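Visitor: I'm new to this one. Could you show it to me and explain the words as we go?

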Amino acid sequence: MSTAASTESRELTPVSAESLAALLVARKRPPRPGSLSTSLTFGWRAVLKIKHVPEQLFDVTAFPIMNLLMFTYLFGGALAGSPGDYIQFVLPGILVMSVVMITMYTGVSVNTDIEKGVFDRFRSLPIWRPSAMVGYLLGDALRYTIASVVMLTVGLILGYRPGGGVGGVVAGIALLLVFSFAFSWIWTMFGLMLRTEKSVMSTSMMVIFPLTFLSNVFVDPKTMPGWLQVFVNNSPITHLASAVRGLMAGDWPAGEIAWSLGWTAFFVVVFGPVTMRLYNRK
């Protein structure tokens, strides 16, 4: 009986702080999450936000369809003789324009999370610092894909026939997604720099509208004044639209593809570090 009592007494003896600290240090810590896993986790967070607020998909469904119908049937007869002929030219361009325009919502989402204080928690986590930003962009890549599928489906119904077949269409969309991922770094920078969601949106539109409309999305630049052709022919949107249009038509516009990938690298190299510097100092 005395032996049992002494054993119980030892079990109930409180552990000293030094012993507890030594025990915690000796215990193996869980491995630190890798950059890929944390980026995918934040990307899944962005997808879940779409699930809970499905209205966010309006800009990748209704808006592209409206643009395609409006420009095809308003200007198709005047610019190409018929809407059926014009859609072969304009659909890849409007696809590029629509996806590029919705990239600005990445910056809006970043700014919204900053206002809510969520980023303070992100910065305190022992994770790869850029993973929060990369997660935003990965989540938005799903929205870009949805917009592309919606546009192509409506285009096929209206008479669009890609000469490059499935392979050309997939290659064109892949190039568009890669470009949009890099282009979105500009808006994450604005999301960190500007104070309100409205200011991010208005500033983004001031940049996107000239880039998308002063391009070859709707018409051949040869019909423009010479001074305007200089800007249009060197616009990143022009290079991207030409590359996507060529791939979907069954061609391999190597020069335009190279320019598009060059612009992609430029956006990541220039705006990626600036965004992370603002993120770390915010």
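Guide: Happy to. A helix here is a DSSP run of H or I that is at least four residues long, numbered from the N terminus. Phe75, for instance, sits in helix H4, which covers residues 58-80. Keep in mind that this is a predicted model.

Visitor: What makes Phe75 "partly exposed"?

Guide: Buried means under 20% relative accessible area and exposed means over 50%, with partly exposed in between. Phe75 has 36%, so partly exposed is the right label. Phe75 also helps make a nonpolar surface patch of about 370 Å², together with Met70, Leu74 and Leu79.

Visitor: How do you know that Asp113 and Arg45 form a salt bridge?

Guide: The cut-off is 4 Å between a side-chain nitrogen of Lys or Arg and a carboxyl oxygen of Asp or Glu. For Asp113 and Arg45, the closest N and O atoms are 3.0 Å apart, so the pair is within that limit. Asp113 lies in helix H6 (residues 104-116) and Arg45 in helix H3 (residues 35-52), so the pair ties together parts that are 68 residues apart in sequence.

Visitor: Are those two partners buried or partly exposed?

Guide: One of each! Asp113 is buried, at 3% relative accessible area, while Arg45 is partly exposed, at 24%.

Visitor: How many salt bridges does the structure hold?

Guide: Two. Asp140 pairs with Arg143, and their closest N and O atoms are 3.7 Å apart, so this pair also meets the 4 Å cut-off. Both residues lie in helix H8 (residues 131-158), three residues apart, about one turn of the helix.

Visitor: Why are Asp140 and Arg143 called buried?

Guide: The limit for buried is under 20%. Asp140 has 8% relative accessibility, so it counts as buried. Arg143 has 3%, so that one counts as buried too.

Visitor: And what about Leu48 in helix H3: buried or partly exposed?

Guide: Leu48 comes out at 28% relative accessible area, so it is partly exposed. The C-alpha atoms of Leu48 and Gly139 are separated by 9.0 Å, with the two residues 91 apart along the chain.

Visitor: Which element has the lowest mean pLDDT?

Guide: Helix H1 (residues 2-12), with a mean of 44, whereas helix H12 (residues 236-249) has the highest, 95. Over residues 1-13 pLDDT stays under 50, and the model has zero contacts there beyond four places in sequence. Where pLDDT is low, the predicted coordinates should not be read in detail. For the protein as a whole, pLDDT averages 83, and 88% of the residues score at least 70.

Definitions and conventions:
Residues are numbered from 1 along each chain as its sequence is written. This is a predicted model: local features need pLDDT of at least 70, side-chain atom pairs count only at pLDDT 80 or more; totals for chains, interfaces and linings use all residues. Side-chain values use heavy atoms; hydrogens and water are left out. Patches are made of residues with over 30% relative accessible area and no salt bridge: like charges are joined within 9 Å, nonpolar side chains (Val, Leu, Ile, Met, Phe, Trp, Tyr) within 5 Å. Accessible areas come from the Shrake-Rupley method with a 1.4 Å probe; for residues, only the protein chains shown count as cover. Helices (H or I, at least four residues) and strands (E, at least two) are DSSP runs, numbered from the N terminus. Buried means under 20% relative accessible area, exposed over 50%, partly exposed in between (1.4 Å probe, protein chains only). pLDDT is the predictor's confidence in each residue, from 0 to 100. Contact means heavy atoms within 4.5 Å.
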